[in-house]
Amino acid sequence: MRLPFKILTIWIGLLASYVISISIFPSEPVPLSGRLNQIIQLLLLIISLYILLKEPNKKNKFIFLNFTIYFSLSLFSFVYDFIGFSLLIGKYSRHLYGQYLSITYMLALSIAVIYLVIDLLFRDFKVRYKYLSTLTIASIAFGFYFHPFLENPLYLYSTMDIKQWKMLDTHISQLTTIPSSFELANNVTLQSYNNGNAIGDLYPEENLKRIEELTPYLDQKNDNYMVLLWKPLYKKIINIDILIIGFILLFFGYQYKKDPPQGAYIDKIMFLILILQSMDILHNWGYIKSVEWGSLAELFAIGQYITLITELALVLFFSLRLRFVTSVQGEFYETELATNPQQVSRWRDWIDNLVIAQFFNYKIFNGRLFQNSTEK
């Protein structure tokens, strides 16, 4: 059986198992955009696994091992649909699973990107030192931003925003309508908190200001408090997105400065990840600024479609990478890159040729970069 058909067969088989599962067991309905995102990530998992198995360059195997681990989390995202319904039924089980899955996604992607950049900058380093450097950087960043989630799994329920919201919610639960912010301020005095512990009452002006900020989240019918609940996690994810983007820019800066030989299509993959994480920042910032949970859900669905387009492009370039490493010329190039990198110029694919033809003098670049004769 040809490799593409093997991949499609495995992919369809896994999807069929999932469809059967959701038809048998209770699960959470997922927006179409979110469902498609899961499906494409599953396909990327299978393709990256085959790249890992077929990769002729041993050093590049570790690059795609990291991507395989990252995309393998798509399996856990499928499981998430059943958490709290037919698996791990409990009050906070779905919250905790989703929280730590989101953090693990960011950790796995940051390791994949940081390792790839370190591999480019320090090509002669042994693999264990590259991983040591990668894990050190990732551990410091995640320890700094996510240590509250490790110290307290229910950290999001202990933030000052949620504690103050609970005080207001308890007060209005006994009323038939939500009073104005001014009326609430006359009857409720909020407290300030430090590390989840109350340290004193707010002054009247500050009390009124905080109540005005929290009033839109008191609408229980629309679960608006969920935006307030998840806001700290979104903010920390944005910081990790910035870290990842910083390393990707370092990758392209070094590429521009030194133009070292690099595995085919890896730069295109990094560019698409740059787009993905840039969009992720915009999406998370939109979530933070949302007030209504329903609007946030709609925004999430729209964002997923934008992400889906970029992930489809990732499928294309991962597939091209797989086709390349399983071809005769690809195996030769990657082997030469591993053994004699000083004697090999960077692979120029069809996109490079297109850009050069459109924006540069083709004669200057013709012959300078390693070319694929089958893609002219």
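A residue counts as partly exposed when its relative accessible area falls between the buried limit of under 20% and the exposed limit of over 50%. Phenylalanine 122, with a relative accessible area of 38%, is therefore partly exposed. The structure described here is a predicted model, and this residue offers a convenient way into it.

Phenylalanine 122 sits in the loop that joins helix H4 (93-121) to helix H5 (127-151). Together with Phe125, Tyr129 and Leu132, Phe122 makes up a nonpolar patch on the surface, and the accessible area of these residues together is about 400 Å².

It helps to step back to the whole chain at this point. The protein chain contains 14 helices and four strands. It has 376 residues, of which 47% count as buried. Among contacts with a separation of 6 or more, 72% are made by residues 24 or more positions apart. The accessible surface of the chain is about 19,500 Å², and carbon and sulfur atoms contribute 64% of that area.

The interior can be approached through its nonpolar residues. The largest nonpolar core has 94 residues, and the members that touch the most others are Phe67, Val113 and Phe318. Once neighbours within four places in sequence are set aside, phenylalanine 67 contacts Ser48, Ala112, Leu116, Ile269, Ile273 and Phe318. Phe318 thus appears both among these contacts and among the core members with the most partners.

Helix H5 deserves a closer look. A kink of about 65 degrees is found at tyrosine 145, shortly before proline 148. The buried residues of this helix are Lys130, Tyr131, Thr134, Ala138, Ala141, Phe142, Phe146, Pro148 and Phe149. In an α-helix there are 3.6 residues a turn, so residues three or four places apart point the same way. The buried residues of H5 pack against H3, H4 and helix H9 (225-258).

Helix H9 also has residues that are not buried. Leucine 250 belongs to this helix and is partly exposed, at 38% relative accessibility. Apart from neighbours within four places in sequence, leucine 250 is in contact with Val117 and Leu121. The C-alpha atoms of leucine 250 and valine 117 are 7.5 Å apart, although 133 residues separate the two in sequence. Glycine 246 likewise lies in helix H9 and is partly exposed, with a relative accessible area of 35%. Its C-alpha atom is 9.3 Å from that of leucine 274, a residue 28 places away along the chain.

Charged residues add another layer to the picture. Side chains of opposite charge can pair when their charged atoms come close. The model has six salt bridges. In one of them, glutamate 55 pairs with arginine 321, with 2.7 Å between the closest N and O atoms. Glutamate 55 is in the loop between helix H2 (32-54) and helix H3 (58-80), whereas arginine 321 is in helix H11 (residues 293-325), so this salt bridge ties together parts that lie 266 residues apart in sequence. Both glutamate 55 and arginine 321 are buried.

A second salt bridge joins the side chains of aspartate 161 and arginine 210, again with an N to O distance of 2.7 Å. This pair also links distant parts of the chain, since aspartate 161 is in helix H6 (residues 160-172) and arginine 210 is in helix H8 (residues 204-214), 49 residues apart. The two partners fall on opposite sides of the 20% limit for burial: aspartate 161 has a relative accessible area of 22% and is therefore partly exposed, while arginine 210 is buried because its value is 11%. The salt bridges here form a network that links Asp161, Arg210 and Glu213.

A further salt bridge connects aspartate 267 with lysine 268, where the closest N and O atoms are 3.2 Å apart. Aspartate 267 and lysine 268 are both buried.

Helix H8 contributes one more residue of interest, asparagine 207. With a relative accessibility of 3%, asparagine 207 counts as buried. Leaving out residues up to four places away in sequence, asparagine 207 touches Ala185, Val188, Thr189, Leu190 and Leu202.

Definitions and conventions: Residues are numbered from 1 along each chain as its sequence is written. This is a predicted model: local features need pLDDT of at least 70, side-chain atom pairs count only at pLDDT 80 or more; totals for chains, interfaces and linings use all residues. Side-chain values use heavy atoms; hydrogens and water are left out. Helices (H or I, at least four residues) and strands (E, at least two) are DSSP runs, numbered from the N terminus. Buried means under 20% relative accessible area, exposed over 50%, partly exposed in between (1.4 Å probe, protein chains only). Contact means heavy atoms within 4.5 Å. Accessible areas come from the Shrake-Rupley method with a 1.4 Å probe; for residues, only the protein chains shown count as cover. A nonpolar core is a set of buried Ala, Val, Leu, Ile, Met, Phe, Trp, Tyr and Cys residues joined through side-chain atoms within 4.5 Å. A salt bridge is a side-chain nitrogen of Lys or Arg within 4 Å of a carboxyl oxygen of Asp or Glu. Patches are made of residues with over 30% relative accessible area and no salt bridge: like charges are joined within 9 Å, nonpolar side chains (Val, Leu, Ile, Met, Phe, Trp, Tyr) within 5 Å. The bend at a residue is the angle between axes fitted to the seven residues ending there and the seven starting there.
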